[in-house]
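Hi there,

Here is the structure we talked about, ready for you to open. My notes on what turned up follow below it.

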Amino acid sequence: MISSIGTNFLSNSLCGFSGRLRQSHRRFSAPFVVVSAATSSNGRPEKRNVTVLAESTLKEMRDAAAPVIGESTVSGGVEDVYGEDSATEDQAMTPWSVSVASGYTLLRDPHFNKGMAFAEKERDALYLRGLLPPVVVSQDLQVKKLMHNIRQYQVPLQRYMAMMDLQERNERLFYKLLIDNVEELLPVVYTPTVGEACEKYGSILRRPQGLFISLKEKGKILEVLKNWPEKKIQVIVVTDGERILGLGDLGCQGMGIPVGKLSLYTALGGIRPSACLPVTIDVGTNNEKLLNDEFYIGLRQKRARGQEYAELLNEFMSAVKQKYGEKVLIQFEDFANHNAFDLLAKYGSTHLVFNDDIQGTASVVLAGIMAALKLVGGSLAEQKFLFLGAGEAGTGIAELIALEMSKQTDIPLEETRKNIWLVDSKGLIVRSRFETLQHFKKPWAHEHETVRNIVDAVKAIRPTVLIGSSGVGRTFTKDVVEAMASFNEKPVIFALSNPTSQSECTAEEAYKWSKGRAIYASGSPFDPVEYKGKVYVSGQANNAYIFPGLGLGLIISGAIRVHDDMLLAASEALAAEVTQENLDKGLIFPPLTNIRKISAHIAAKVAAKAYELGLATRLPQPKDLVAYAESCMYSPSYRSYR
């Protein structure tokens with residue numbers, strides 16, 4: 001409880017400080033922690049040297065408020081009418097603008113908690129004495145200890161839960177751990193483990209992360225957005241849970257996907273955590289198992305369709321733009337085909353929107369193909385492509401490949417599409433099926449006789465590149481792979497469906513059945529394979545290569561729309577990161593250990609394209625976009641608060 005002395009001090013002495021700091025727009029990340037005056041045994045307030053604490057804390061805040069690197073290079077230009085800040089700057093904070101808090105509360109604030117890494121002076125200044133063991137532990141030692149602990153878990157879901165617990169307890173340590181061990185922990189915080197986490201989300205949920213917007217909130221979504229504590233949001237990942245990975249309709253429990261994606265935006269793309277907002281739109285579920293599950297956390301009703309669904313999504317999109325402005329990136333994630341394409345088409349011209357399943361997957365696969373051609377030989381236009389799966393991913397990849405072909409050759413898009421064939425659940429998509437096809441499949445209906453299955457399609461089309469995006473496991477059988485290898489010296493095979501159980505074929509199967517000649521990549525990671533004395537390391541066509549860098553590029557340029565040329569730029573930038581050393585090992589994607597540098601280069605190319613297209617609003621353009629992107633990236637290293 002705040003005493004009258006403490007209240008007077010706050011209202012009189014600190015208002016001047018607060019006002020001056022607010023006017024100067026200083027930025028700092030020190031916790032604004034003050035302790036209320038204690039009460040002595042005689043009932044009178046004891047005198048605590050709060051003035052000294054205020055002065056020392058303010059001094060540290062001023063010292064920490066160094067100018068943001070590159071800020072001067074992008075000053076001026078289009079006025080920031082929404083009051084948005086840069087990509088990864090800490091928000092301006094006014095000390096003592098909230099309730100007086102104790103050091104005990106600080107230890108439970110994930111944004112500022114450092115655990116046993118608080119230095120001796122910090123423990124005194126922030127009233128942490130006695131609340132921590134006496135030993136001061138460095139952040140690096142904390143990382144080492146946590147990795148040791150996480151490796152003790154044999155069950156992937158246990159590792160996932162341990163990581164989520166850490167994120168809720170110590171944010172910077174979570175990201176430091178993830179960045180330093182990205183290849184080992186990426187499959188834990190995202191695919192494939194996140195799929196199991198979503199399936200069991202109702203049982204494992206401990207502290208809700210993000211906003212749950214259901215039909216109950218219809219008519220008041222703007223007010224719901226105001227409940228979120230962070231006011232300056234740069235990236236929103238939103239799902240309605242209808243098509244989670246290859247697992248189907250998981251309803252409200254799909255929240256694990258936006259939470260996981262945004263963790264990667266921060267760890268791999270450097271977007272500050274406070275600028276990220278996970279959202280789940282709950283319109284019900286058609287999953288009977290969940291509807292009958294007593295632990296299910298969502299609406300217990302069948303999915304809303306038609307006008308009711310459209311009105312809720314439209315209200316959400318309008319509210320987001322009203323609350324966070326023109327330049328907030330909205331990423332649609334794991335929507336079913338019938339909604340995904342419509343939403344992207346409807347809001348692509350009015351909002352900064354991106355669908356990772358359609359566009360992100362396409363961009364990373366195109367990059368992998370461009371790198372694979374360095375091993376196969378020939379140009380992109382000389383290849384013939386066959387897809388198993390004609391949904392969001394399949395048609396999205398196909399369209400981006402056709403666009404890149406058209407760009408490289410100046411051949412019309414309608415002609416480059418003829419090099420690309422798709423197979424859906426009814427067989428090869430051909431002209432005779434045109435009238436019954438969904439609109440997004442119609443551009444791929446070419447003249448050909450009816451073909452019912454993938455094996456016959458491979459033999460008929462004779463593709464050089466086979467891509468699986470069906471969401472159905474083990475569909476690239478031995479017959480399929482052997483057929484590919486029969487007329488290709490180096491068959492390119494991408495088995496993209498997630499999670500691992502849904503992969504069209506494993507790395508071992510691809511290498512074994514092709515007699516070690518396949519150039520293979522998958523959606524989920526596989527261990528290296530030994531075949532006839534040689535070790536084959538497969539690539540992972542992971543969207544994490546693309547979307548964090550793309551998002552950073554959009555933000556640092558102040559882009560107001562996403563253009564196809566930005567996706568092509570991202571693909572070209574990623575393909576350029578594949579070295580000859582990588583290719584010699586059979587890798588067509590660079591190691592994830594370098595992902596933050598890769599993201600910075602992708603961001604620079606995307607931002608450059610935004611400026612070239614006239615879609616950037618942060619003016620003038622920085623001279624060195626790579627250096628600027630790197631300077632804007634969030635650092636998980638601890639800050640000094642003393």
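Let me start with a contact between two helices: Asp140 and Lys176 form a salt bridge, with their closest N and O atoms 3.9 Å apart. Asp140 belongs to helix H5 (residues 139–150) and Lys176 to helix H7, so this pair ties together parts that are 36 residues apart in sequence. The two ends sit in unlike surroundings: Asp140 is exposed, with a relative accessible area of 51%, whereas Lys176 is buried at 16%. Please keep in mind that this is a predicted model, and that every value here is computed from it.

**Other salt bridges**

Searching the whole structure gives 30 salt bridges. As a reminder of the chemistry, side chains of opposite charge can pair when their charged atoms come close.

One of the bridges joins Arg129 and Asp124, at 2.8 Å from N to O. Arg129 is partly exposed, with 47% relative accessibility, and Asp124 is also partly exposed, at 45%.

Another salt bridge runs between Asp240 and Arg303, where the closest N and O atoms are 3.8 Å apart. Asp240 is in the loop between strand E2 (235–239) and helix H12 (256–269), while Arg303 is in the loop between helix H13 (288–291) and helix H14 (306–324), so the pair ties together parts that are 63 residues apart in sequence. Both Asp240 and Arg303 are buried. There is also a network, in which salt bridges with shared partners link Arg243, Asp334, Asp357 and Glu392.

**Aromatic rings**

How many aromatic pairs are there? The count comes to 9. In one of them, the ring centres of Tyr175 and Tyr634 are 5.9 Å apart and the planes stand at 80°, so this pair is edge-to-face; the cut-off for that label is over 60 degrees. Tyr175 is part of helix H7 (residues 171–180), and Tyr634 falls in the segment after helix H26 (625–632), so the contact ties together parts that are 459 residues apart in sequence. Tyr175 and Tyr634 are both buried. Helix H7 therefore takes part in two of the contacts in this email, through Tyr175 and through Lys176.

Elsewhere, Tyr511, Tyr520, Phe526 and Tyr536 make up one aromatic cluster.

Two charged side chains are worth viewing together with rings. Arg108 lies over the face of Tyr104, 3.9 Å from the ring centre. Lys442 has its charged end over the ring of Phe434, at 5.1 Å from the centre.

**A covered helix**

Have a look at helix H22 (residues 547–557) too. It is mostly covered, with 11 of its 11 residues buried. Among them are Phe547, Pro548, Leu550, Leu552, Leu554, Ile555 and Ile556, and also Gly549, Gly551, Gly553 and Ser557. After H22 comes Gly558, which has a positive phi, near 65°.

**Cysteines**

How many disulfides are there? The count is 0. Two of the cysteines you may want to find in the viewer are Cys276 and Cys505: Cys276 is buried, with a relative accessible area of 8%, and Cys505 is buried as well, at 0%.

If you would like somewhere to begin, try the bridge between Asp140 and Lys176, and then the ring pair of Tyr175 and Tyr634.

Best wishes

Key
Residues numbered from 1 in each chain as written. Predicted model: local features only at pLDDT ≥ 70, side-chain atom pairs only at ≥ 80, totals over all residues. Heavy atoms only, no water. Phe/Tyr/Trp six-rings, centres within 6.5 Å; stacked < 30°, edge-to-face > 60°. Helix = DSSP H or I, 4+ residues; strand = E, 2+ residues; numbered from the N terminus. Buried < 20%, exposed > 50% of the residue type's maximum accessible area, 1.4 Å probe, protein only. Lys NZ or Arg CZ within 6 Å of the ring centre and 35° of its normal. Salt bridge = Lys/Arg side-chain N within 4 Å of Asp/Glu carboxyl O. Disulfide = S-S within 2.5 Å.
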